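Visitor: Please take a close look at one helix and the turn that follows, and then at the empty spaces and the sheet elsewhere in the model.

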Amino acid sequence: MPGGQYQVANTKRHHSLYSLTDESEAGPDDEKADGPPRLTPLQKLTTDKDEKTIKELIIGRRVGFYKVRGEIGCGTFSRVKLAFHALTKDKVALKILDKTRLDGQAQRLLSKEISSMECLQHPNVVCLYEVVETPSRLYLVLEYAGGGDLHNRIYTEGKMSDNDSKITFAQILAAITYMHNINVIHRDLKAENVLFTSSGCVKVADFGFSTQVSNCNVALDTFCGSPPYAAPELFRDECYLGPSVDVWAMGVVLFFMVTGSMPFRAETMGKLRRCVIECAYTVPPWVPGPCQRLIKGILKKAPAQRYAVDQMLGCDWLLPVQFLWPPEPASLDSERGDLAEEVEEEVRGLLEELGFSTEHLQNNQPKNSRSPVTGVYRILLHRAQKRRGCDSPPVVRGMVRDPKREGLRAYRGLRHTSKFCVLS
Ligand code: ATP
(Lines give C-alpha, C1' and ligand atoms only; values in the text may rest on other atoms or scores of the structure.)
Protein backbone atom coordinates (compact mmCIF):
# COMPACT_ATOMS: atom_id res chain seq x y z
CA MET A 1 0.00 0.00 0.00
CA PRO A 2 1.52 3.26 -0.96
CA GLY A 3 1.53 6.11 1.48
CA GLY A 4 -0.79 8.15 -0.74
CA GLN A 5 -3.52 10.32 0.70
CA TYR A 6 -7.08 9.96 -0.38
CA GLN A 7 -8.27 13.23 -1.78
CA VAL A 8 -11.26 13.66 -3.96
CA ALA A 9 -10.81 16.40 -6.46
CA ASN A 10 -12.68 17.29 -9.60
CA THR A 11 -10.60 15.00 -11.68
CA LYS A 12 -10.88 14.28 -15.34
CA ARG A 13 -11.72 10.64 -15.86
CA HIS A 14 -9.15 8.54 -17.63
CA HIS A 15 -11.02 5.30 -17.57
CA SER A 16 -14.62 4.46 -16.81
CA LEU A 17 -15.79 1.95 -14.27
CA TYR A 18 -19.32 1.97 -15.55
CA SER A 19 -18.51 -0.67 -18.08
CA LEU A 20 -17.55 -2.94 -15.22
CA THR A 21 -20.51 -2.42 -12.92
CA ASP A 22 -24.23 -3.07 -12.92
CA GLU A 23 -24.59 0.56 -13.96
CA SER A 24 -23.04 -0.03 -17.35
CA GLU A 25 -25.60 2.08 -19.17
CA ALA A 26 -25.26 5.02 -16.79
CA GLY A 27 -23.20 8.13 -17.46
CA PRO A 28 -22.46 11.43 -15.81
CA ASP A 29 -25.39 13.16 -17.51
CA ASP A 30 -27.91 10.89 -15.82
CA GLU A 31 -27.60 12.96 -12.66
CA LYS A 32 -29.33 15.84 -14.43
CA ALA A 33 -32.29 13.72 -15.62
CA ASP A 34 -35.73 14.20 -14.05
CA GLY A 35 -37.01 11.77 -11.45
CA PRO A 36 -35.35 10.30 -8.38
CA PRO A 37 -31.53 10.40 -8.48
CA ARG A 38 -29.92 7.18 -9.60
CA LEU A 39 -28.24 5.18 -6.90
CA THR A 40 -24.50 4.82 -7.16
CA PRO A 41 -23.12 1.25 -7.29
CA LEU A 42 -22.06 1.69 -3.65
CA GLN A 43 -25.52 2.83 -2.58
CA LYS A 44 -27.13 -0.04 -4.46
CA LEU A 45 -24.84 -2.54 -2.82
CA THR A 46 -25.26 -1.23 0.70
CA THR A 47 -28.96 -0.41 0.70
CA ASP A 48 -30.44 -3.17 -1.45
CA LYS A 49 -29.87 -6.10 0.87
CA ASP A 50 -32.29 -8.39 -0.92
CA GLU A 51 -33.08 -11.92 0.23
CA LYS A 52 -30.40 -13.41 -2.01
CA THR A 53 -27.67 -11.21 -0.54
CA ILE A 54 -28.75 -11.96 3.02
CA LYS A 55 -28.73 -15.69 2.29
CA GLU A 56 -25.27 -15.37 0.72
CA LEU A 57 -23.99 -13.54 3.79
CA ILE A 58 -25.35 -16.27 6.08
CA ILE A 59 -23.88 -19.18 4.16
CA GLY A 60 -20.52 -17.45 3.66
CA ARG A 61 -20.93 -16.87 -0.10
CA ARG A 62 -20.51 -13.17 0.57
CA VAL A 63 -17.95 -11.59 2.86
CA GLY A 64 -17.91 -7.80 3.15
CA PHE A 65 -17.86 -6.52 -0.43
CA TYR A 66 -16.73 -9.87 -1.83
CA LYS A 67 -18.71 -12.61 -3.57
CA VAL A 68 -17.11 -15.94 -2.66
CA ARG A 69 -16.71 -18.71 -5.22
CA GLY A 70 -14.83 -22.05 -5.36
CA GLU A 71 -11.80 -23.23 -3.38
CA ILE A 72 -8.38 -22.68 -4.97
CA GLY A 73 -6.04 -24.01 -2.32
CA CYS A 74 -5.59 -24.90 1.29
CA GLY A 75 -2.82 -24.59 3.84
CA THR A 76 -2.20 -25.76 7.40
CA PHE A 77 -4.54 -23.24 8.97
CA SER A 78 -6.37 -21.82 6.01
CA ARG A 79 -8.54 -22.41 3.00
CA VAL A 80 -8.11 -20.14 0.01
CA LYS A 81 -11.12 -19.33 -2.16
CA LEU A 82 -11.65 -17.34 -5.31
CA ALA A 83 -13.83 -14.27 -4.81
CA PHE A 84 -14.94 -11.16 -6.71
CA HIS A 85 -15.27 -7.62 -5.48
CA ALA A 86 -18.95 -6.84 -5.80
CA LEU A 87 -18.31 -3.28 -7.02
CA THR A 88 -15.19 -3.47 -9.14
CA LYS A 89 -15.69 -7.11 -10.25
CA ASP A 90 -11.96 -7.80 -9.78
CA LYS A 91 -10.92 -11.35 -8.90
CA VAL A 92 -9.25 -11.81 -5.52
CA ALA A 93 -7.98 -14.74 -3.44
CA LEU A 94 -9.65 -15.00 -0.06
CA LYS A 95 -7.49 -16.67 2.57
CA ILE A 96 -9.94 -17.86 5.22
CA LEU A 97 -8.80 -18.63 8.76
CA ASP A 98 -10.98 -20.19 11.41
CA LYS A 99 -10.15 -18.16 14.54
CA THR A 100 -11.30 -20.98 16.85
CA ARG A 101 -8.55 -23.22 15.44
CA LEU A 102 -5.74 -20.77 16.05
CA ASP A 103 -3.72 -21.22 19.23
CA GLY A 104 -1.61 -18.41 20.71
CA GLN A 105 1.36 -19.09 18.47
CA ALA A 106 -0.73 -19.30 15.30
CA GLN A 107 -2.34 -15.98 16.23
CA ARG A 108 1.06 -14.35 16.66
CA LEU A 109 2.20 -15.69 13.28
CA LEU A 110 -0.98 -14.44 11.66
CA SER A 111 -0.59 -10.94 13.01
CA LYS A 112 3.02 -10.92 11.75
CA GLU A 113 1.81 -12.13 8.36
CA ILE A 114 -0.66 -9.26 8.20
CA SER A 115 1.75 -6.59 9.38
CA SER A 116 4.49 -7.75 6.97
CA MET A 117 2.07 -7.74 4.06
CA GLU A 118 0.73 -4.31 4.99
CA CYS A 119 4.09 -2.72 4.39
CA LEU A 120 4.88 -4.57 1.16
CA GLN A 121 4.04 -3.10 -2.21
CA HIS A 122 5.98 -4.70 -5.02
CA PRO A 123 4.93 -6.16 -8.38
CA ASN A 124 6.46 -9.53 -7.42
CA VAL A 125 4.86 -9.81 -4.00
CA VAL A 126 1.23 -10.85 -3.50
CA CYS A 127 -0.66 -7.73 -2.49
CA LEU A 128 -2.88 -7.62 0.60
CA TYR A 129 -6.00 -5.62 -0.26
CA GLU A 130 -8.04 -5.89 2.88
CA VAL A 131 -8.61 -7.83 6.10
CA VAL A 132 -12.21 -8.71 6.96
CA GLU A 133 -13.01 -10.07 10.41
CA THR A 134 -16.17 -11.78 11.64
CA PRO A 135 -16.67 -13.26 15.14
CA SER A 136 -15.41 -16.68 14.02
CA ARG A 137 -13.24 -16.00 10.97
CA LEU A 138 -10.54 -13.83 9.56
CA TYR A 139 -10.35 -13.23 5.83
CA LEU A 140 -7.22 -11.97 4.11
CA VAL A 141 -8.23 -10.49 0.77
CA LEU A 142 -5.25 -11.04 -1.52
CA GLU A 143 -4.30 -10.31 -5.09
CA TYR A 144 -5.25 -13.37 -7.13
CA ALA A 145 -2.42 -15.26 -8.80
CA GLY A 146 -4.20 -17.55 -11.23
CA GLY A 147 -1.22 -19.22 -12.94
CA GLY A 148 -0.49 -21.87 -10.29
CA ASP A 149 2.66 -22.31 -8.22
CA LEU A 150 6.25 -23.07 -9.16
CA HIS A 151 6.32 -26.43 -7.38
CA ASN A 152 3.31 -27.69 -9.29
CA ARG A 153 4.68 -26.35 -12.54
CA ILE A 154 7.96 -28.24 -12.18
CA TYR A 155 6.21 -31.33 -10.83
CA THR A 156 3.98 -31.51 -13.91
CA GLU A 157 6.21 -30.05 -16.65
CA GLY A 158 9.70 -30.94 -15.42
CA LYS A 159 12.70 -28.62 -15.15
CA MET A 160 12.42 -25.17 -16.64
CA SER A 161 14.33 -23.94 -19.66
CA ASP A 162 17.33 -21.70 -19.01
CA ASN A 163 15.40 -18.61 -20.15
CA ASP A 164 12.27 -19.37 -18.12
CA SER A 165 14.45 -20.04 -15.07
CA LYS A 166 16.16 -16.69 -15.54
CA ILE A 167 12.86 -14.83 -15.91
CA THR A 168 11.37 -16.51 -12.86
CA PHE A 169 14.45 -16.25 -10.67
CA ALA A 170 15.01 -12.58 -11.53
CA GLN A 171 11.51 -11.80 -10.24
CA ILE A 172 11.98 -13.82 -7.03
CA LEU A 173 15.25 -11.95 -6.53
CA ALA A 174 13.54 -8.59 -7.16
CA ALA A 175 10.92 -9.45 -4.51
CA ILE A 176 13.43 -10.64 -1.90
CA THR A 177 15.79 -7.71 -2.51
CA TYR A 178 12.89 -5.33 -1.98
CA MET A 179 11.80 -7.13 1.22
CA HIS A 180 15.31 -7.14 2.69
CA ASN A 181 15.71 -3.45 1.84
CA ILE A 182 12.74 -2.72 4.08
CA ASN A 183 13.85 -5.27 6.70
CA VAL A 184 11.21 -7.91 6.05
CA ILE A 185 12.46 -11.51 6.11
CA HIS A 186 10.27 -14.12 4.44
CA ARG A 187 11.66 -17.26 6.17
CA ASP A 188 9.49 -19.70 4.21
CA LEU A 189 10.60 -19.23 0.65
CA LYS A 190 9.92 -22.42 -1.31
CA ALA A 191 8.62 -23.37 -4.73
CA GLU A 192 5.08 -23.78 -3.32
CA ASN A 193 5.10 -20.15 -2.24
CA VAL A 194 6.15 -18.80 -5.62
CA LEU A 195 2.91 -18.16 -7.50
CA PHE A 196 2.34 -16.99 -11.07
CA THR A 197 -0.31 -14.72 -12.51
CA SER A 198 -1.96 -15.79 -15.75
CA SER A 199 0.49 -13.51 -17.59
CA GLY A 200 3.51 -15.27 -16.05
CA CYS A 201 4.41 -12.61 -13.49
CA VAL A 202 5.89 -14.06 -10.29
CA LYS A 203 4.17 -13.33 -6.97
CA VAL A 204 5.95 -14.37 -3.78
CA ALA A 205 3.26 -15.45 -1.32
CA ASP A 206 2.65 -16.81 2.19
CA PHE A 207 4.14 -14.46 4.75
CA GLY A 208 3.02 -16.70 7.64
CA PHE A 209 6.61 -17.08 8.94
CA SER A 210 7.83 -13.65 7.98
CA THR A 211 9.24 -11.16 10.41
CA GLN A 212 10.14 -7.50 10.43
CA VAL A 213 13.49 -6.67 11.96
CA SER A 214 14.92 -3.32 12.97
CA ASN A 215 17.86 -4.03 10.68
CA CYS A 216 19.05 -7.01 8.70
CA ASN A 217 21.93 -7.72 11.15
CA VAL A 218 19.55 -8.67 13.95
CA ALA A 219 20.13 -12.28 14.99
CA LEU A 220 17.01 -14.46 14.93
CA ASP A 221 16.50 -17.74 16.73
CA THR A 222 13.15 -19.24 15.68
CA PHE A 223 13.41 -22.26 13.37
CA CYS A 224 11.02 -21.50 10.53
CA GLY A 225 10.36 -22.83 7.11
CA SER A 226 10.42 -26.12 5.32
CA PRO A 227 13.36 -28.53 5.99
CA PRO A 228 14.44 -29.11 2.36
CA TYR A 229 14.84 -25.32 2.00
CA ALA A 230 16.37 -24.69 5.44
CA ALA A 231 19.92 -23.33 5.67
CA PRO A 232 22.68 -25.23 7.57
CA GLU A 233 22.67 -22.73 10.47
CA LEU A 234 18.98 -23.50 11.06
CA PHE A 235 19.75 -27.22 11.35
CA ARG A 236 22.68 -26.42 13.66
CA ASP A 237 20.22 -24.68 16.01
CA GLU A 238 22.26 -21.51 15.88
CA CYS A 239 21.08 -17.93 15.86
CA TYR A 240 20.89 -16.79 12.27
CA LEU A 241 20.67 -13.70 10.12
CA GLY A 242 17.38 -13.42 8.24
CA PRO A 243 18.71 -12.40 4.81
CA SER A 244 21.15 -15.36 4.67
CA VAL A 245 18.41 -17.94 5.22
CA ASP A 246 16.21 -16.37 2.51
CA VAL A 247 19.24 -16.36 0.18
CA TRP A 248 19.89 -20.06 0.89
CA ALA A 249 16.23 -20.89 0.16
CA MET A 250 16.57 -18.98 -3.12
CA GLY A 251 19.52 -21.21 -4.01
CA VAL A 252 17.42 -24.32 -3.37
CA VAL A 253 14.58 -22.89 -5.50
CA LEU A 254 17.05 -22.08 -8.29
CA PHE A 255 18.55 -25.57 -8.21
CA PHE A 256 15.03 -27.04 -8.32
CA MET A 257 14.05 -24.85 -11.29
CA VAL A 258 17.03 -25.67 -13.48
CA THR A 259 17.39 -29.37 -12.64
CA GLY A 260 13.82 -30.42 -11.74
CA SER A 261 15.09 -32.05 -8.53
CA MET A 262 15.99 -30.87 -5.06
CA PRO A 263 19.66 -30.40 -4.06
CA PHE A 264 19.16 -32.00 -0.64
CA ARG A 265 17.10 -35.15 -0.49
CA ALA A 266 16.99 -37.92 2.11
CA GLU A 267 14.59 -40.53 3.45
CA THR A 268 14.80 -39.32 7.02
CA MET A 269 15.00 -35.94 8.69
CA GLY A 270 18.32 -36.94 10.32
CA LYS A 271 19.88 -37.73 6.95
CA LEU A 272 18.51 -34.54 5.41
CA ARG A 273 19.97 -32.56 8.29
CA ARG A 274 23.41 -34.11 7.73
CA CYS A 275 23.20 -33.51 4.02
CA VAL A 276 22.38 -29.81 4.50
CA ILE A 277 24.92 -29.24 7.29
CA GLU A 278 27.65 -30.79 5.14
CA CYS A 279 26.37 -28.83 2.16
CA ALA A 280 26.49 -32.06 0.15
CA TYR A 281 25.01 -31.44 -3.25
CA THR A 282 26.13 -31.78 -6.84
CA VAL A 283 25.11 -29.51 -9.67
CA PRO A 284 24.62 -31.62 -12.82
CA PRO A 285 27.35 -30.80 -15.38
CA TRP A 286 24.81 -29.88 -18.09
CA VAL A 287 23.61 -26.84 -16.10
CA PRO A 288 25.08 -23.78 -17.90
CA GLY A 289 28.30 -22.50 -16.32
CA PRO A 290 27.01 -19.06 -15.27
CA CYS A 291 24.03 -20.67 -13.54
CA GLN A 292 26.27 -23.28 -11.84
CA ARG A 293 28.43 -20.48 -10.49
CA LEU A 294 25.38 -18.67 -9.13
CA ILE A 295 24.10 -21.82 -7.39
CA LYS A 296 27.53 -22.49 -5.90
CA GLY A 297 27.81 -18.87 -4.78
CA ILE A 298 24.51 -19.16 -2.93
CA LEU A 299 24.60 -22.68 -1.48
CA LYS A 300 27.61 -22.17 0.78
CA LYS A 301 27.85 -23.63 4.26
CA ALA A 302 29.00 -20.40 5.92
CA PRO A 303 26.34 -17.66 5.78
CA ALA A 304 28.99 -14.93 5.58
CA GLN A 305 30.43 -16.48 2.40
CA ARG A 306 27.08 -16.81 0.69
CA TYR A 307 26.24 -14.36 -2.09
CA ALA A 308 24.33 -11.32 -0.94
CA VAL A 309 21.33 -10.30 -3.03
CA ASP A 310 23.39 -7.48 -4.61
CA GLN A 311 25.98 -9.97 -5.85
CA MET A 312 23.24 -12.09 -7.37
CA LEU A 313 21.77 -9.08 -9.15
CA GLY A 314 25.04 -8.53 -10.98
CA CYS A 315 25.86 -12.16 -11.81
CA ASP A 316 26.60 -13.23 -15.41
CA TRP A 317 23.60 -15.54 -15.60
CA LEU A 318 21.07 -12.76 -14.92
CA LEU A 319 22.81 -10.10 -16.98
CA PRO A 320 20.55 -10.43 -20.07
CA VAL A 321 17.33 -10.18 -18.05
CA GLN A 322 15.57 -6.90 -18.53
CA PHE A 323 12.58 -5.66 -16.57
CA LEU A 324 10.14 -3.67 -18.67
CA TRP A 325 9.39 -1.45 -15.68
CA PRO A 326 11.85 -0.48 -12.96
CA PRO A 327 12.02 -3.36 -10.45
CA GLU A 328 11.94 -0.79 -7.65
CA PRO A 329 8.35 0.36 -7.10
CA ALA A 330 9.48 3.95 -6.39
CA SER A 331 8.22 5.22 -9.72
CA LEU A 332 4.77 3.88 -8.88
CA ASP A 333 4.81 5.09 -5.32
CA SER A 334 1.97 7.51 -4.97
CA GLU A 335 4.12 10.06 -3.20
CA ARG A 336 6.63 10.32 -6.01
CA GLY A 337 6.69 10.77 -9.73
CA ASP A 338 4.29 11.94 -12.43
CA LEU A 339 3.20 8.43 -13.23
CA ALA A 340 2.20 7.85 -9.62
CA GLU A 341 0.20 11.06 -9.62
CA GLU A 342 -1.58 10.08 -12.81
CA VAL A 343 -2.40 6.65 -11.35
CA GLU A 344 -3.69 8.23 -8.14
CA GLU A 345 -5.89 10.62 -10.08
CA GLU A 346 -7.36 7.77 -12.10
CA VAL A 347 -8.14 5.82 -8.94
CA ARG A 348 -9.81 8.83 -7.32
CA GLY A 349 -12.02 9.24 -10.39
CA LEU A 350 -13.01 5.57 -10.32
CA LEU A 351 -13.83 5.72 -6.61
CA GLU A 352 -16.08 8.70 -7.23
CA GLU A 353 -17.86 6.87 -10.02
CA LEU A 354 -18.55 3.98 -7.68
CA GLY A 355 -20.12 6.38 -5.23
CA PHE A 356 -17.39 6.97 -2.66
CA SER A 357 -17.81 10.53 -1.47
CA THR A 358 -15.17 12.98 -0.31
CA GLU A 359 -16.36 12.25 3.21
CA HIS A 360 -15.95 8.47 2.85
CA LEU A 361 -12.43 8.93 1.62
CA GLN A 362 -11.40 11.58 4.10
CA ASN A 363 -12.68 9.50 7.00
CA ASN A 364 -10.68 6.52 5.88
CA GLN A 365 -7.10 5.94 6.96
CA PRO A 366 -5.38 4.71 3.79
CA LYS A 367 -3.19 2.29 5.75
CA ASN A 368 -6.10 0.72 7.60
CA SER A 369 -6.42 -2.74 6.05
CA ARG A 370 -9.62 -3.40 7.96
CA SER A 371 -11.55 -0.80 6.01
CA PRO A 372 -13.59 -1.78 2.94
CA VAL A 373 -12.74 1.63 1.46
CA THR A 374 -9.04 0.76 1.66
CA GLY A 375 -9.84 -2.59 0.01
CA VAL A 376 -11.49 -1.02 -3.01
CA TYR A 377 -8.81 1.70 -3.18
CA ARG A 378 -5.98 -0.85 -3.25
CA ILE A 379 -7.76 -3.00 -5.85
CA LEU A 380 -8.28 -0.02 -8.15
CA LEU A 381 -4.75 1.25 -7.58
CA HIS A 382 -3.33 -2.14 -8.45
CA ARG A 383 -5.51 -2.36 -11.53
CA ALA A 384 -4.31 1.06 -12.69
CA GLN A 385 -0.68 0.03 -12.12
CA LYS A 386 -1.21 -3.22 -14.02
CA ARG A 387 -2.67 -1.28 -16.95
CA ARG A 388 0.66 0.53 -17.08
CA GLY A 389 2.55 -2.74 -17.35
CA CYS A 390 3.85 -3.20 -13.83
CA ASP A 391 2.76 -6.86 -13.84
CA SER A 392 4.66 -7.73 -17.02
CA PRO A 393 7.35 -10.36 -16.56
CA PRO A 394 10.90 -9.36 -17.56
CA VAL A 395 12.41 -10.52 -20.83
CA VAL A 396 15.73 -12.07 -21.78
CA ARG A 397 17.52 -9.96 -24.34
CA GLY A 398 20.40 -11.50 -26.23
CA MET A 399 22.75 -13.97 -24.66
CA VAL A 400 25.80 -13.72 -22.50
CA ARG A 401 29.02 -15.40 -23.47
CA ASP A 402 30.41 -17.44 -20.66
CA PRO A 403 33.95 -16.04 -20.21
CA LYS A 404 35.15 -19.33 -18.73
CA ARG A 405 34.14 -21.20 -21.89
CA GLU A 406 35.37 -18.57 -24.30
CA GLY A 407 38.94 -19.15 -23.21
CA LEU A 408 41.32 -16.87 -21.42
CA ARG A 409 42.20 -14.81 -24.48
CA ALA A 410 38.66 -13.85 -25.30
CA TYR A 411 38.01 -13.20 -21.62
CA ARG A 412 40.95 -10.78 -21.42
CA GLY A 413 39.57 -8.94 -24.42
CA LEU A 414 36.14 -8.62 -22.84
CA ARG A 415 37.49 -7.37 -19.55
CA HIS A 416 38.75 -4.21 -21.20
CA THR A 417 35.33 -3.16 -22.40
CA SER A 418 32.83 -4.55 -19.92
CA LYS A 419 32.78 -7.47 -17.62
CA PHE A 420 30.34 -9.44 -19.74
CA CYS A 421 29.24 -9.31 -23.30
CA VAL A 422 25.54 -9.05 -24.00
CA LEU A 423 24.67 -9.96 -27.58
CA SER A 424 21.33 -8.73 -28.82
P1 ATP B 1 1.09 -23.47 4.39
O2 ATP B 1 0.51 -24.34 5.43
O3 ATP B 1 1.59 -24.26 3.19
O4 ATP B 1 2.11 -22.50 4.88
P5 ATP B 1 -0.92 -21.46 4.36
O6 ATP B 1 -1.93 -21.90 5.35
O7 ATP B 1 -0.01 -20.37 4.78
O8 ATP B 1 -0.11 -22.68 3.77
P9 ATP B 1 -1.05 -20.42 1.73
O10 ATP B 1 0.21 -21.13 1.37
O11 ATP B 1 -0.98 -18.96 1.83
O12 ATP B 1 -1.68 -21.01 3.04
O13 ATP B 1 -2.16 -20.83 0.67
C14 ATP B 1 -2.53 -22.18 0.41
C15 ATP B 1 -2.67 -22.41 -1.09
O16 ATP B 1 -3.66 -21.51 -1.62
C17 ATP B 1 -1.41 -22.11 -1.89
O18 ATP B 1 -0.61 -23.24 -2.02
C19 ATP B 1 -1.95 -21.66 -3.23
O20 ATP B 1 -2.20 -22.79 -4.04
C21 ATP B 1 -3.28 -21.01 -2.90
N22 ATP B 1 -3.11 -19.55 -2.82
C23 ATP B 1 -2.69 -18.83 -1.77
N24 ATP B 1 -2.65 -17.51 -2.04
C25 ATP B 1 -3.08 -17.40 -3.31
C26 ATP B 1 -3.27 -16.27 -4.20
N27 ATP B 1 -3.02 -15.05 -3.80
N28 ATP B 1 -3.70 -16.52 -5.45
C29 ATP B 1 -3.96 -17.79 -5.86
N30 ATP B 1 -3.81 -18.88 -5.08
C31 ATP B 1 -3.38 -18.70 -3.82
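Guide: In this predicted model, cysteine 279, just after helix H8, takes a positive phi of about 55 degrees. The helix before this cysteine, H8, covers residues 269-277, and its buried residues are Leu272, Cys275, Val276 and Ile277. As a general point, an α-helix has 3.6 residues a turn, so residues three or four places apart point the same way. Among the elements that cover the buried residues of H8 are helix H6 (232-235) and helix H7 (242-259).

H7 also appears in the account of the empty spaces. A search of the whole structure gives 2 cavities of 30 Å³ or more. The second largest cavity has a volume of about 110 Å³. Its lining is made of 15 residues, and those nearest the centre are Arg187, Cys224, Tyr229, Leu234 and Val245. With 3 residues, H7 gives the most to this lining. Sorted by class, the lining of the second largest cavity holds 9 nonpolar, 2 polar and 4 charged residues.

The pockets are a separate matter. The largest pocket has a volume of about 1,000 Å³, and 40 residues line this pocket, with Gly75, Val80, Lys95, Asn193 and Asp206 nearest its centre. Two or more lining residues come from each of strand E2 (66-74), strand E3 (78-85), strand E4 (91-98), helix H3 (104-118) and strand E6 (137-143). H3 provides the largest share, 5 residues. By class, the lining of the largest pocket has 20 nonpolar, 12 polar and 8 charged residues. Domain 2 (57-143) and domain 3 (147-317) each supply at least three residues to the lining of this pocket.

Strands E2, E3, E4 and E6, listed above for the pocket lining, also belong to an open sheet of 6 strands, in the order E1-E2-E3-E4-E6-E5 and with antiparallel pairing. Strand E1 (62-63) and strand E5 (128-133) stand at the edges with a single partner strand each, so one side of each has no neighbour in the sheet. Within the sheet, E4 and E6 run antiparallel and are joined by 7 bridges. Leucine 97 stands opposite leucine 138, which is in E6.

Terms used
Residues are numbered from 1 along each chain as its sequence is written. This is a predicted model: local features need pLDDT of at least 70, side-chain atom pairs count only at pLDDT 80 or more; totals for chains, interfaces and linings use all residues. Side-chain values use heavy atoms; hydrogens and water are left out. Buried means under 20% relative accessible area, exposed over 50%, partly exposed in between (1.4 Å probe, protein chains only). Helices (H or I, at least four residues) and strands (E, at least two) are DSSP runs, numbered from the N terminus. Contact means heavy atoms within 4.5 Å. On a 1 Å grid over the protein atoms alone, a cavity is a set of points where a 1.4 Å probe fits but cannot get out, and a pocket is an open set with protein on both sides within 12 Å along at least five of seven lines; lining residues have an atom within 4 Å of a point. Grid points are joined across faces, edges and corners, and a volume is the space filled by probe spheres set on the points. Ala, Val, Leu, Ile, Met, Phe, Trp, Tyr, Cys and Pro count as nonpolar, Asp, Glu, Lys and Arg as charged, and the others, Gly among them, as polar. Domain bounds come from an automatic or database domain assignment. Two strands pair if DSSP finds at least two bridges between them.
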